[in-house]
Amino acid sequence: MQLFNRRLFVLESGKFYTRGLLIKLARKQARILKTFTRSYIEDDFFSEKQINAVKQTIEMLKPDIEDFVIYNYPYQEMIFATAEMPKLSDEQLRNAVKFKISEDFHIPPNKLIIDITKADNYIKTDKGTSKVPIFATKQEFMDKMISFYRGVSGAPEPDMVIPDQLKYLEIFDEKTLKTDIPGQSKLTFLICQDMNYSVLFTFMANKLIDITEISISLEDVIEECQKRDINPQKVLSALLKGSEIGALEYTESIQQIFSEYYEKYTFEAEKAIRGTINHLNIDNPLTRIEVVIVASINGRLTLDLAYHIREEGILRGANVIQMPLKKDYPDDTEDLRTIMGLGYRGVRELGRYKFIQKEKAKA
Amino acid sequence: MVDINLYKKKKPKLKLTTVLVLIAILLLPVLALRLTIETIKQTNLAEIKGKYQYARTYIGDDDIEVITSRIKSENTKVVSQTNTIKAEIERIKKDLVYAGLTSDFINELGIQFDRYKANEKIFLEAMNITRGKDFFLKYYNVNSKNFDNHQFSEELKKAYETNGLSLTTNQVTIDFMLVNILQEEITAKTAKY
C-alpha cells in the first residue's frame, strides 16, 4: 500500500549487465532500499543470459504492483534529431515533428514513437522559429522490449521508458553550465562513456543542442580481452565495480589494452566534437568552448577517462573536467551511477525529493 | 533537464487494500460526522431523560390505546376535581358573604347600642340568626318623653340598609306616662345566603 510513501523500481538492462534498484520516497527524501546487479557478456539484446538476469532481478527486488517502474531503452535504437518549427501548440508540434521524422527516416508515423523535450530546451532562431530536440524510436522495438520484459521475465509494466544515454544528464549537476548570454554563449561538451556506446552531448550555454555518437566504447576493451585470452567476465566485473584494473591478473596486457583504448578514445571524441562543430554552423566555435566534461559508468572510469583525454590534449588543450554530480548524489552509490540516473529521472517525475546516504538511511 | 518518456501507456494500478484504505479515508469524515451527531443526540437525550425521569423512553403502537384511555380518565378526574374546587370556591364565597352579614348584623347592634345607651333603653326580646333563614330581631326601645323619636331604632335600620341588608319592619309604639316604648321587629332578607 503506497498512500503515504512511494516506491520506485528501476530496471537497467543491456548487453553486459542487468541492474535493479528499489527506491523509497517518503518525507521529501529518497532512500535506496535494495540493489541488484548481474553481469554477463552477450552479443545481442534479448539474450538468454539477459532474460535470466532480469528474472533474477525481479526475484531479488520483488517489485510491487503499485511501484513506479522505470526502464532504460537501448541507445542504439534511438533517433535524435532537431527540427526547426514555427510556434505551435504542444499537440500540433508533436504531430508535425512525428511526420517530419517519419519522412526523414522512412518510417510510417503509426510505427514511430516520438517525444520532445520541454519548451525550455528549444533553441530560438533569428527567424522566430524554434529548434526542437526530438527523441524517436520504432514502435516495433518498444513492443518487443516490453513483451520481453513482461512476458518472458515477468517484470511489471513500466511507467517510464527512458533513452539510456539520458541517464547521464539526470545525475549531471546542470548548474555547471553557464547561463545563456545572447551572442556570447559558450559551448560545453559532455562525453559519456558507457559499456556499449559512447555519446557526446553538446550544450550551447545551458541548452542541449546536439547528441552524437562517439564510435568507441568499453565494449571494445572486452572484445580485445577476448582476443587476447583474458577472462572478459573478470574485466567486465572490475569495470562495473570501478575496481583498480591493475589489481587483476594479466596486468601488463590489460594496461596495454587500456592505453591503446584511451588513445583511440581521445581521437574518436575529438572527431565527434569537430564533426558536431562543423554541422552546427557556429561562428568561431573553438574560441567558444567552455569546457569538456567527461563521464562514465562509475567514478573510477570517469577519473581515468578524464585523465587520458586531458593528457592527450583534446581540442588543443581544452579544459577537461570530470562530470560534477548532483549535490544530493549519495557518495556510496559510485558504482551505481548509471541506474541512479534513471532513478533520479523517476524521482523527479514524482516530486521534489532529496537522496540520502545509505548509512544515514540505515541510522 | 530533458523530460523524455517513450512509454506513456500505463494506467495507474492500485492494490485492493489501497483502494479499501482510500475508500475508508474518504468515508471517514462522513462517519465522524454521523458519530458526532449520534453522540450529541445521545447526550441531549440523556439530559432530557434526567430532567423528565417519569417519561417513558419509548411509546409503542400497543401502548397508545392504554395511554389514551389513561389520559382520558386523568382528564375526567381533573374535570371533576375542578368542578369540586369551583363548588368549594362558591361555597366559601357564600360563607364569607354570610359571615360578613352576621358580623355586620350583630356589630351594628352593638355600635348603636353603645351610641344611645345613655338616653335610651333597649330590651332585646328575640334575636334569630340561622343559616338559610331571614335574620330576625325583636326589641323594645324605650326613651323619655323629652325625646321625640327613637334614635337607636332609626340609626340601626339606617346602618343595616347602608350595609346592603334589605329590611322589613313592624313597629308598635306604646305610650306611657313618662316614657315612650317602641316595640320593633326587624326582618333582614338573608335566606338566600
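Right after helix H6 of chain A comes A:Gly242, with a positive phi near 75°. That is a handy place to enter this predicted model. Stepping back into the helix itself, H6 covers residues 232-241 of chain A, and A:Val235, A:Leu236, A:Leu239 and A:Leu240 are buried there. Around the axis these four span an arc of only 130°, which puts them on the same side of H6(A). Their packing partners in chain A are strand S2 (17-26), strand S3 (29-39), helix H5 (218-227) and helix H8.

Let us follow H8 next. This helix, residues 299-312 of chain A, lies across strands S10, S13 (289-296) and S14 of chain A, and it runs at about 140° to S13(A). Those strands belong to an open, five-stranded sheet of mixed pairing, ordered S12-S11-S10-S13-S14 in chain A. At its edges stand S12 (207-214) and S14 (320-322) of chain A; each has a single partner strand, so one side of each is left without a neighbour in the sheet. On average, neighbouring strands of the sheet are turned by 25° against each other, direction ignored. For a view of one pairing, take S10 (residues 187-193) and S11 (residues 198-204) of chain A, which run antiparallel and share seven bridges. Within that pair, A:Leu187 sits opposite A:Met204 in S11(A).

Now turn to another helix, H2, at residues 90-105 of chain A. Its 16 residues reach 22 Å from the first C-alpha to the last, close to the 22 Å expected at 1.5 Å a residue. Which residues of H2(A) are buried? They are A:Leu93, A:Val97 and A:Ile101. Viewed down the axis, the buried residues of H2(A) fall within an arc of 60°, so they line one face of the helix. Among the elements covering them are strands S5 (79-85), S6 (112-116) and S8 (130-138) of chain A. On the face turned away from the buried side, H2(A) carries the exposed residues A:Glu91, A:Gln92 and A:Glu103. Just beyond H2(A), A:His106 has a positive phi of about 55°.

With these pieces in place, look at the whole chain. Chain A holds 11 helices and 15 strands, and 39% of its 363 residues are buried. Of the contacts in chain A between residues at least 6 apart in sequence, 67% join residues at least 24 apart.

Finally, there is the partner chain. Chain B brings 14 residues to the contact and chain A brings 25 residues. The side of chain B that touches chain A consists of seven nonpolar, three polar and four charged residues.

Definitions and conventions. Residues numbered from 1 in each chain as written. Chains lettered and ligands numbered in written order. Predicted model: local features only at pLDDT ≥ 70, side-chain atom pairs only at ≥ 80, totals over all residues. Contact = placed C-beta atoms within 7 Å. Nonpolar A, V, L, I, M, F, W, Y, C, P; charged D, E, K, R; others polar. Pairing = 2+ DSSP bridges. Helix = DSSP H or I, 4+ residues; strand = E, 2+ residues; numbered from the N terminus. Axes fitted to C-alpha atoms, helices over the stretch in contact; angles between N-to-C directions. Buried ≥ 20, exposed ≤ 12 C-beta atoms within 10 Å, placed from the backbone. Arc of directions from axis to C-beta. Expected span 1.5 Å × (residues − 1).
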